[in-house]
Amino acid sequence: MVLNKFDCSLGEVKFQGCICNASGPRCTELDQLTKIDNSKSCMVLSKSATPKMREGNKKPRYWDHDLGSINSMGLPNNGIQYYVAIASQISGPYFISISGGSLEENCEMIDQIMACNSKIDGIEINLSCPNIIGKGQLAYDFEKLGNYLDGIIECLDVRGLEKAIGVKLPPYFDMWQFEVVAKILMKYPIDFITCVNSIGNGLIIDIDTETTLIKPKGGFGGIGGSYIKPTGLANVRKFYEIFQENGSKIKIIGCGGIETGKDVFEYILCGAELVQIGTQFYKENTKCFSRLENELSEIMERKGYSDLNQFRGKLKRR
Ligand code: RRO
């Protein structure tokens, strides 16, 4: 196969491109996933699934803002069976995101994915949804995180590990947190982490009406878009540095505030293998994938780079 300058991989799964959708907007229904499949996105990633379908939180639960977005969707999805059953209709690399309410629920969904005869290339285990009423984000509970991953890996081990397996993390903000979380992650045979989910429990306010923009949880919700790009870059960079220092092969998917090819370049310079687009995909639909790839290509040409490895992770320090 002829190598494309954007080619990359996670575990055994190869991608012809380095830009794809984030699990979140426009990836709940089959027609939405088919549109992603027919676009320049290098993979098709489903909305986070639960064992049974969920309606999600009360509306309005998503709001677009000049600087990004706020959401408290509450995991609306069609249930794991739906995302497994449609695998035969998707031609590109297909990843299912899962977000069970417990270890048992996640293992139940992994069982169903493993039992599927159609091609499902990977699983992104979402440990960082900020919007489940009455529930915290598991990846902020460092004691539970290790036990949880023990359980997940045990349930994957029994059934073989031919798919790319990764976890979606929330943003971390303090240096000791990166060290603790990386130490836990490096004990497990995972292929990738996705950094970052939305910044949980932010608040955006409409001054004219003096109200919150969204309804659930008193207006608190996950913040995405350009508000969070510096946090996303920092998380990718710090985990990349720690993984490099320790010889870990865990790859990093960058996510958070990507709007232009320059943003994609920055994430890859920090060490991302590939990047996901959430808020901007919501705003612009599937044409964002080809636009971003073209913009990245122009930057690479200008700088004389012919593939991503020539600059991936090579951020210089002042
Ligand atoms: O559905 C959501 O409310 C949601 C999820 Br599962 C997530 O992982 N991140 C987010 O911002 N919203």
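How far does a polar side-chain atom of Lys47 lie from an oxygen atom of the ligand? In this predicted model, the distance is 2.7 Å.

Lys47 has company. A polar side-chain atom of Asn71 lies 2.8 Å from an oxygen atom of the ligand. Asn131 also takes part: an N or O atom in its side chain is 2.8 Å from a ligand oxygen. Now look at how much of the ligand is covered. On its own, the ligand exposes 310 Å². The protein buries 94% of that area.

Where does the ligand sit? Its space is the largest pocket. Trace the residues around it. Lys47, Asn71 and Asn131 are among them. The list also includes Met73, Gly74, Leu75 and Pro76. Further along the sequence come Asn126, Cys129 and Pro130. Asn197 and Ser198 are there too.

Next, find Glu124. Which strand holds this residue? Glu124 belongs to strand E8, which covers residues 122–126. Is Glu124 buried or exposed? Its relative accessibility is 1%. The cut-off for buried is under 20%, so Glu124 counts as buried.

What does Glu124 touch, leaving aside neighbours within four places in sequence? Its contacts include Ser23, Leu45 and the run Ile96, Ser97 and Ile98. Gly166 and Lys168 are also in contact with Glu124. So are Phe192, Thr194 and Gln276.

Finally, compare sequence with space. Glu124 and Val13 are 111 residues apart in sequence. In space, their C-alpha atoms are 13 Å apart.

Note on methods
Residues are numbered from 1 along each chain as its sequence is written. This is a predicted model: local features need pLDDT of at least 70, side-chain atom pairs count only at pLDDT 80 or more; totals for chains, interfaces and linings use all residues. Side-chain values use heavy atoms; hydrogens and water are left out. Helices (H or I, at least four residues) and strands (E, at least two) are DSSP runs, numbered from the N terminus. Buried means under 20% relative accessible area, exposed over 50%, partly exposed in between (1.4 Å probe, protein chains only). Contact means heavy atoms within 4.5 Å. A residue is near a molecule or strand if one of its heavy atoms lies within 4 Å of it. A polar contact is a pair of N or O atoms within 3.5 Å; within protein, one must be able to donate a hydrogen and the other to accept it, and residues adjacent in sequence count only if both atoms are side-chain atoms. Accessible areas come from the Shrake-Rupley method with a 1.4 Å probe; for residues, only the protein chains shown count as cover. On a 1 Å grid over the protein atoms alone, a cavity is a set of points where a 1.4 Å probe fits but cannot get out, and a pocket is an open set with protein on both sides within 12 Å along at least five of seven lines; lining residues have an atom within 4 Å of a point. A molecule sits in a cavity or pocket if more than half of its atoms lie within 2 Å of its grid points.
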